[in-house]
Amino acid sequence: MKLPGLGNSADIAEFGLEGMEHNFLTGSIESLVQWARARSCWPATFGLACCAIEMMASGTAHYDLARYGMEVFRASPRQADLMIVAGRVSQKMAPVLRQVYDQMMEPKWVISMGVCASSGGMFNNYAIVQGVDQIVPVDVYAPGCPPGPETLMHAIFTLHEKIETGELTRRREATGAGAGLVIEQRDGQTAGLTIGA
């Protein structure tokens, strides 16, 4: 006899609670906390350039981040645990970005949105920081110029998956660095490009 969601009754009789499949009754408190963290990320508003328009678009009704517990972009860093750096970071803005990051609650995560935030983009000069990872530990890089809402949501889902496994928290405790995951672009902006055309 197979009990729904509980495993085989012979396994339960032989092994006790260890014979049950993993579910909300038999899961650990740590698993429950990681599941809750992954589904309640509140982003800090940190839009710096054109990527911020795409970030705002991801919160609209068409993409609806509210389905994933992220409907509120917080104005105060003390109420946020996810920083989405959307756009180029100037040298003058770098200390402000670090101050906002330091004021966010623990554990905290960072998504670098767009090529300008990730590597300086086309702005290879003294005024622009050549990668936000020089200021804060980046967990996920969302490529594109600008990346669309689909790419940002893919970055968020990737982050949720890593938060739920506990990998990011362990890495942050061990090294102090972010995961540095690079995802592929999901919005089709590069689909029509041909080399040499």
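The dialogue below goes through helix H6, its packing, its core and some backbone features in a predicted model.

Biologist: What should I keep in mind about the model before reading it?

Modeller: The model is predicted, so local features need pLDDT of at least 70 and side-chain atom pairs count only at pLDDT 80 or more, while totals for chains, interfaces and linings use all residues. Residues are numbered from 1 along each chain as its sequence is written, and side-chain values use heavy atoms, with hydrogens and water left out.

Biologist: At what angle do H6 and H7 pack?

Modeller: Two packed helices are described by the angle between their axes and the distance between the axes. Here helix H6 (residues 149–165) and helix H7 (residues 167–175), both DSSP runs of H or I with at least four residues, numbered from the N terminus, pack at about 75° with their axes 5 Å apart. Axes are lines fitted to C-alpha atoms, for helices over the stretch in contact, and angles run from 0 to 180 degrees between N-to-C directions. H6 and H7 are therefore roughly perpendicular, a term for angles of 65 to 115 degrees. Leu159, Lys162, Ile163 and Thr165 of H6 meet Glu167, Leu168 and Arg170 of H7 in this contact, where contact means heavy atoms within 4.5 Å.

Biologist: Is H6 mostly covered or exposed?

Modeller: H6 is mostly covered, with 12 of its 17 residues buried, where buried means under 20% relative accessible area (1.4 Å probe, protein chains only). Among them are Leu152, Ile156, Leu159 and Ile163.

Biologist: Which residues have the most contacts inside the largest nonpolar core?

Modeller: In soluble globular proteins, nonpolar side chains tend to be buried together. A nonpolar core is a set of buried Ala, Val, Leu, Ile, Met, Phe, Trp, Tyr and Cys residues joined through side-chain atoms within 4.5 Å. The largest one has 25 residues, and Leu82, Ile111 and Leu159 have the most contacts inside it. H6 gives the most to this core, with 6 residues. Leaving aside neighbours within four places in sequence, the contacts of Leu82 include Trp42, Met70, Ile111 and Leu159.

Biologist: Which peptide bond involving Pro107 is cis, and where does Pro146 lie?

Modeller: A cis peptide bond joins Glu106 and Pro107, with omega about -15°, and Pro107 lies in the loop between helix H4 (94–103) and E5. The bond from Cys145 to Pro146 is also cis, with omega near -15°, and Pro146 is found in the loop between E6 and H6.

How values were computed: Helix = DSSP H or I, 4+ residues; strand = E, 2+ residues; numbered from the N terminus. Parallel < 35°, antiparallel > 145°, perpendicular 65-115°, else oblique. Buried < 20%, exposed > 50% of the residue type's maximum accessible area, 1.4 Å probe, protein only.
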